[in-house]
Amino acid sequence: MKVSIVGTGYVGLTTGVCLGYLGHKVTCVDSDPKKIGMLQSGKTPIYEPFLTELMAAAQHNLQFCTEYKGAVQEADVIFIAVGTPPSPDGSPDLKYLRAAAEGIGQYYEGDFLVVVNKSTVPIGSGNWVGSLVRESYEKHHGRKPNGHFSVASNPEFLREGSALHDSLYADRVVIGSDNGRALEVLYSLYRPVLDQTFAPPPYLPRPEGLGAVPLIATDLASAELIKYAANAFLATKISYINEIGQLAEKVGADITQVAKGIGLDARIGTRFLQAGIGWGGSCFGKDTAALVATAREYNIGMPIVEAAREVNKRQRDRVVEKLLAELKILKGRTVGLLGLAFKPNTDDLREAPAVDIARKLVERGCKVKVHDPVALNKFEAEYPDLAVVSCDSPEDTADDTDALVLVTEWSDYRELDWEVMASRMRSPLLLDGRNALDRAALERIGFRYLSVA
Ligand code: UGA
C-alpha cells in the first residue's frame with residue numbers, strides 16, 4: 001500500500017519505518033527541513049534502539065520530504081503523527097494537528113483516502129479532523145469533496161526505548177472508524193503484524209510463542225478513549241505502588257517484595273509495578289491531564305486519575321525531603337544525579353523527573369552535578385539556564401558529592417564499581433530513586449542506602 005505519514009517524531013518515524021519494513025511504500029513528511037535532511041542521509045533525529053538499522057533495512061520503501069503535495073496525492077492511507085504538546089492550562093495544543101488536516105484537505109484529489117489519527121488526540125478529534133479536511137478542500141477546490149475520504153483512529157501503544165519491538169510485536173492493534181471501508185484498508189495494512197508473517201529483523205527477534213496479534217476494530221470514539229484509558233491505567237498502577245511504597249517504608253516492609261507478591265496474581269500482573277520516583281515522559285502526565293479535562297467537560301470528576309497525578313508529583317518532592325532529612329542542611333551541599341532521561345534507553349527529557357529534582361535542589365542552594373549515558377548533550381541544549389555541572393562519567397559525578405541520587409535506572413549504573421564511586425564521594429550516601437540497586441551489597445561497601453518508596 002502507499003502510506004504517507006505526517007510528523008517524524010517517535011510515533012511517526014517508528015510507524016513509517018516499521019510499515020516500510022513490512023513492505024509498504026512509505027513517504028514521511030515533516031515541516032522541519034533539518035530533520036528531513038538527516039533522515040534522507042540515513043540518520044535518525046531521535047535516539048531509539050535499532051531504528052537506524054531498521055531504517056536502513058527498509059530504505060527502498062522509504063522517502064522523506066517537506067511537501068504535502070505528492071505525499072497526499074499518491075497515498076491510500078495518511079497517518080497524522082504530529083506532536084500535541086500540553087498548553088499552559090494542561091489541554092493538548094492542537095495547532096500541528098490542525099495544520100496537518102488542512103494540508104491534507106488542500107492537496108486531496110478525491111480518490112478513496114483514509115486519514116488516520118495516530119497522535120494521541122482528545123476524544124472527538126476524529127470528527128474535528130474530518131471537518132478540517134473537508135473545509136480546507138472546499139477552500140482550495142471551490143467545491144465539496146465527493147465524500148470518499150474517511151477518518152480513522154489508530155492509537156499507538158509503543159514505549160520509547162522499545163518502540164520498534166512494541167510496533168512489530170504489538171499486544172494488540174486498535175483501529176476505530178465509523179466507515180467500514182476505512183477499517184478494511186487498515187486491516188490490510190496491518191495484516192503482516194496481525195498474522196506475524198514478516199521475517200523478523202535479526203536484532204529484533206520475534207518473542208517466543210507469539211501467535212496472531214489481536215485486532216480491535218471499533219468506532220472512532222471507542223478507539224480514542226482506549227488510548228487514554230490505557231495510559232491512565234498504567235499511570236495509576238505506578239502511583240498505586242508508590243503509595244503502597246510509602247506505607248511499606250513506615251512499617252518496615254520491602255516494596256520490591258510487596259510488588260512481586262501482588263503482581264504474581266495474574267489478575268494484577270507484575271509489569272508497571274516498579275516503585276520509585278514515578279513516571280515522567282511526554283505521555284502519562286499529558287494524557288492523564290487531558291482525560292480529567294475531557295471528563296470535566298461532561299461534568300464528571302475523575303478522582304482516581306487525579307489522585308494518581310498527585311501521588312506522582314509527591315514522589316519528586318520526597319527526593320528533596322529525604323536528602324534534607326539525611327544531610328540536615330542542603331545549602332552548600334553537592335548532590336550528583338545519575339540519569340537525566342525520563343527512563344532508560346531514550347534521550348527524551350520531556351517531563352523528566354531529573355530536571356525537576358535538579359531545579360528543586362538548585363533552588364535549595366545545592367551544587368548539582370549530572371550525568372546521563374545518552375541525554376547529556378540534549379540536556380545542555382534544552383536547559384542552558386539550569387545551573388548544574390555536566391559530568392562525562394558517573395565517577396566524575398561522584399567526586400566530592402555529599403549524596404548521589406539514581407534517577408534513571410540505566411543498566412550502566414547497575415554495573416558500576418560502587419566501591420570506586422564511594423571512594424570519590426565526600427560521604428557515601430545513595431538515594432536509589434528506582435529501587436534498582438542491590439541494597440545489601442551497597443551497605444556492605446559502606447553506603448548509607450535510601451530509597452524513595
Ligand atoms: C507510555 C506507554 O507505556 C505506551 O504504551 C504509550 O504508547 C506511550 O506512553 C504513549 O502514549 O505514547 P512511554 O511514555 O514511552 O510509554 O514510557 P513508559 O515505559 O510507559 O514509562 C513511563 C514512565 O513511567 C517512565 O518515567 C518510567 O520510569 C515510569 N515507570 C514505568 C515507573 O515509574 N514504574 C514502572 O513500573 C514503569
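Leaving aside its neighbours within four places in sequence, with which residues is Asp402 in contact? In this predicted model, the residues that Asp402 contacts beyond that range are Leu327, Arg333, Thr334, Arg426, Ser427 and Leu429. The points below describe the setting of Asp402 and then turn to an open sheet of 8 strands.

**Asp402 and its surroundings**

- Asp402 is located in a loop, with α15 (394-398) on one side and β12 (403-406) on the other.
- Asp402 counts as buried because its relative accessibility is 4%, and buried means under 20%.
- The side chain of Asp402 makes a polar contact of 3.1 Å with the side chain of Arg426.

**The open sheet**

- The strands of this sheet follow the order β3-β2-β1-β4-β5-β6-β7-β8, and their pairing is mixed.
- The edges are formed by β3 (62-65) and β8 (215-218); each has a single partner strand, so one side of each is left without a neighbour in the sheet.
- From one strand to the next, the twist averages 20 degrees.

**Pairing of β2 and β3**

- Strand β2, which covers residues 25-29, pairs with β3 in the parallel sense over 4 bridges.
- Cys28 has Phe64 of β3 opposite it.

**Helices packed on the sheet**

- Helix α2, residues 33-40, packs on the sheet and touches β2 and β3; the direction of α2 makes about 155 degrees with that of β3.
- Helix α5, residues 95-107, also packs on the sheet, where it touches β1 (2-6), β4 (77-80) and β5 (113-117). The direction of α5 makes about 160 degrees with that of β4.

Note on methods:
Residues numbered from 1 in each chain as written. Predicted model: local features only at pLDDT ≥ 70, side-chain atom pairs only at ≥ 80, totals over all residues. Heavy atoms only, no water. Helix = DSSP H or I, 4+ residues; strand = E, 2+ residues; numbered from the N terminus. Buried < 20%, exposed > 50% of the residue type's maximum accessible area, 1.4 Å probe, protein only. Polar contact = N/O pair within 3.5 Å; in protein donor to acceptor, adjacent residues only side chain to side chain. Contact = heavy atoms within 4.5 Å. Pairing = 2+ DSSP bridges. Axes fitted to C-alpha atoms, helices over the stretch in contact; angles between N-to-C directions.
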